[in-house]
Amino acid sequence: MMSLTQGNLNKAYTVNSVNTDQEDIREFLFTLGCYPGEKITIISKLASNYIVNIKDARYSIDEDLAEAIIVGA
Amino acid sequence: MKIALAGNPNCGKTTMFNALTGRNERVGNWAGVTVDKKEACIKQSFTPENEKLIIVDLPGAYSLSAYSNEESITKDFILKEKPDVIVNIVDATNLNRSLFLTTQLIELGIPVVVALNKIDLADKKGNRIDIPALSQTLKVPVLRTISTKNSDNGLPELIKAVLAAGKSDQIQRAAFAKNDKQRYTFINELVREVERKKLSSDQQTKQDQIDRIVAHKWLGIPIFAAVIYLVFSISQAWVGPFLADYFVGWIDRLYEVVASLLGEGVNPVLTTLLLDGIIGGVGAVIGFLPLIMVLFFCLALLEDCGYMARVAVVMDRFFKKVGLSGKSIVPMVIGTGCAIPGIMSTRTIKNERQRRTTAMLTPFMPCGAKLPIIALFAGVFFAEKAWVGTSMYFLGIIVIFFSALIIRKITGDYSRSYFIMELPEYRIPSLKRAVISMFSRAKAFIIKAGTIILVCNAVIHLLQTFDWRFQVVPESAPETSILASIAMPLAVLFIPLGFGIWQFAAAAVTGFIAKENVVGTLAVTFAITNFFDMEEFTLVGSSTEVGTVLGLTSVAALAYLVFNLFTPPCFAAIGAMNSEMESRKWLGGAIAFQMGMGYSLAFLVYQFGTLFTTGSFGEGFAAGLIIVFTVVASVIILMRRSTGRRQIKTNVQVVKS
Amino acid sequence: MSGMDWIVAGVITLIIFLAVSKILKDRKSGVKCTGCSCAGSCDQRATSGNCAE
């Protein structure tokens, strides 16, 4: 278990949980397909943002959010 | 029959809406361009039996549980207004995510037709989708569509299926899952069956390599600066003025033809009203049409290629430092076209303070209507006009950063919000769409010039021609006119800014009706018919007569330019701010803040510019300093007060825990 | 005022009348800013139920 910020590029991780007290962002991530059990891949780290692949789309998320996404190998 | 277009953001709903209805709504290659529902009737060619179909375009949503304001518009419309048929547009390149909304929609019991849009892109990637199997499992018709294509785009077939679905009596109410977790399990299995992919989507692509450069930590900003510089030099220094010269030639000819038609015999009051008030004033504004068209053409290309989402990523880091997020850049970039849709697009920002702050600061980006003012003053008073023009946009960005800091301090709201933004795929921008967008905006500009600007100029001309006893003002005493006597008290306030002349005060006021009026009013009050130099194929240079007629120093001209850019926007934009902020207090604060900002900046530019060029401060320094000092002091008091409040708040929280 | 004056006055009145009536017509149909360069994205024209126009 670790946060997405500690992950390596190009490796598919499985989401374990979204560690935040903001319920709506967790729900929003869920509708995008980022929920426990689903895969997430870091494509690149740019500026202070992470480009991630969830299902078939690319998203840019900031460090705070990447920190909140807990993944397992 | 009412048909709703629903689907994920950036799946091509508005493109399809435009193709079906012939309307020309704004499209762009990023999520969240459409923030309001739009209704229109379908084009006749799609309905051979002449049925009346109303198409409703809705903002994109990832699911029926709404996250931001514009998503709830979609949810409310579908749940409350019950369209007869829902066309669910599914991005064929992202089948898995899209089907989440699809299954939710089908479960509502309203007939659904699925349009597998962007199917050409999916084909190109080598993805194969088993459409019959998909249709069978979902129990709804599924059709291939490519709404960007003119023919063979699947749209006629789609409408046929929609009509059939709308007329059939049996409503299939399917239930795919008990809860949303199961829904995904269902979808994952379904997609595994119907979709064959050549390449897994988590592989690195060329697009990702481009991202690494344009959204690079250090390269990102210079690249953005270069792009903006290019757009504005093309429109203001290269192509725009070149075209404007030809264009202004026609206006001049019209002026001469009318002048010769009228001859000498007609009452001079009427002659000048028609020639200088109406034709001259409107002509001076219309003369900038080519510049504006080129600007909008470039902006349309920029919005279409997918770069804007990357700009948001680059700017996120900086905006976060001042309490906003990268999402705030999108309204500001839209605001370079017109502040109103920019302010409306703040709806995609979830955090209330961030949304209100962005709505308040978006007008600081010079909009299309301010372009004539920039072009005029840059051209008349500065030889290096491309440089002056673009620097106004960067000054806008700096002022926005600075103001955001102040507002965060005043509100005492230091909350941070997460930033997440979908990165759409890059594509080669469509020239056709850019041309259509350019002409529709040109048409709007001409309508504006022929209505609001024309009426304002006529009124200004009349007020300038007569005095309070309705006698014609003698040429030797223009300051006795009604206009001058109204504007003069205001002009006194502007003395510390370097332009305490009643004509400039009047122009600044008419600018609130529409910013193009500033140019129009100056043309009418100074009786200048056009601002372009026919011989040199450029805007009038600094040495020519317009500068002398206006009678300002370059520094004062720059101050006037800054004043007009950073005072409150036109009334229509203020109205948009009102509806997005949903708070009288915020609106009042925003207008007061913008006024203070415009005044203080113009003061600083004029006084320090004058000190720099002549070695001493300009006229009215002390009086202006008092005003600016009052503005700054009240801002500081507001900031202090909120800091005190915040401390009390945290104390309470400590006691509680 | 001569005959020509009246004609010119009439033309000016007509132009202004047309401009004002266009602004008023737009107001009625919900267009907040006539000819705003937002190209229709800021007007809330509702064509609900009536496809005749």
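A good place to begin is a pair of side chains in chain B: B:Glu303 and B:Arg26 meet in a salt bridge, with 2.8 Å from N to O. Keep in mind as you look that this is a predicted model.

To see where that pair sits, it helps to know how chain B is laid out. Chain B is divided into domain 1, covering residues 2-196, and domain 2, covering residues 221-645. The C-alpha centres of these two domains of chain B lie 41 Å apart. Even so, the two parts touch: 21 residues of domain 1 of chain B are in contact with 24 residues of domain 2 of chain B.

How much area is buried between domain 1 of chain B and domain 2 of chain B? The figure is about 2100 Å², and carbon and sulfur atoms give 50% of it. In domain 1 of chain B, the residues that lose the most area to domain 2 are B:Arg26, B:Asn29 and B:Trp30, which together make up 35% of what that side buries. So B:Arg26, which you met in the salt bridge with B:Glu303, turns up again here among the residues that lose the most area.

Between the two domains of chain B, the count is four salt bridges. There are also ten residue pairs in polar contact between domain 1 and domain 2 of chain B, with both residues at pLDDT 80 or more. On the domain 1 side, helix α2 of chain B, residues 69-81, gives the most to the surface that touches domain 2, with three residues. Taken by type, the residues on this side of domain 1 of chain B divide into seven nonpolar, nine polar and five charged.

Now step out to the meeting of the two chains. Here 40 residues of chain B are in contact with 35 residues of chain A. Chain B and chain A bury about 3400 Å² between them, with 56% of it on carbon and sulfur atoms. Three residues stand out on the chain B side: B:Tyr184, B:Tyr418 and B:Ile420 supply 22% of the area that chain B buries against chain A, more than any other three residues.

Four salt bridges are found across the interface of chain B and chain A. In one salt bridge, the side chains of B:Lys320 and A:Asp62 meet at 2.3 Å, N to O. Polar contacts across the interface of chain B and chain A come to 23 residue pairs, both residues at pLDDT 80 or more. Several elements of chain B give two or more residues to the side that touches chain A, including α7 (180-194), α12 (307-321) and β9 (420-423). That side of chain B divides into twelve nonpolar, eleven polar and 17 charged residues.

Strand β9 of chain B deserves a closer look. How many bridges does β9(B) form with strand β5 of chain A, residues 57-62? The two strands pair in the antiparallel sense over four bridges. Within this pairing, A:Ser60 stands opposite B:Met421 in β9(B).

Follow the strands onward and a whole sheet appears. It is an open sheet of seven strands with antiparallel pairing, in the order β1(A)-β6(A)-β2(A)-β3(A)-β4(A)-β5(A)-β9(B). Its edge strands are β1 (2-3) of chain A and β9 of chain B, each pairing on one side only. Next to β5(A) in that order is β4(A). Strand β4 of chain A, residues 49-54, runs antiparallel to β5(A), joined by six bridges. There, A:Ile54 has A:Ala57 in β5(A) as its bridge partner.

Technical notes: Residues numbered from 1 in each chain as written. Chains lettered and ligands numbered in written order. Predicted model: local features only at pLDDT ≥ 70, side-chain atom pairs only at ≥ 80, totals over all residues. Heavy atoms only, no water. Domains from an automatic or database assignment. Contact = heavy atoms within 4.5 Å. Buried area = accessible area lost by both parts, 1.4 Å probe. Polar contact = N/O pair within 3.5 Å; in protein donor to acceptor, adjacent residues only side chain to side chain. Nonpolar A, V, L, I, M, F, W, Y, C, P; charged D, E, K, R; others polar. Pairing = 2+ DSSP bridges.
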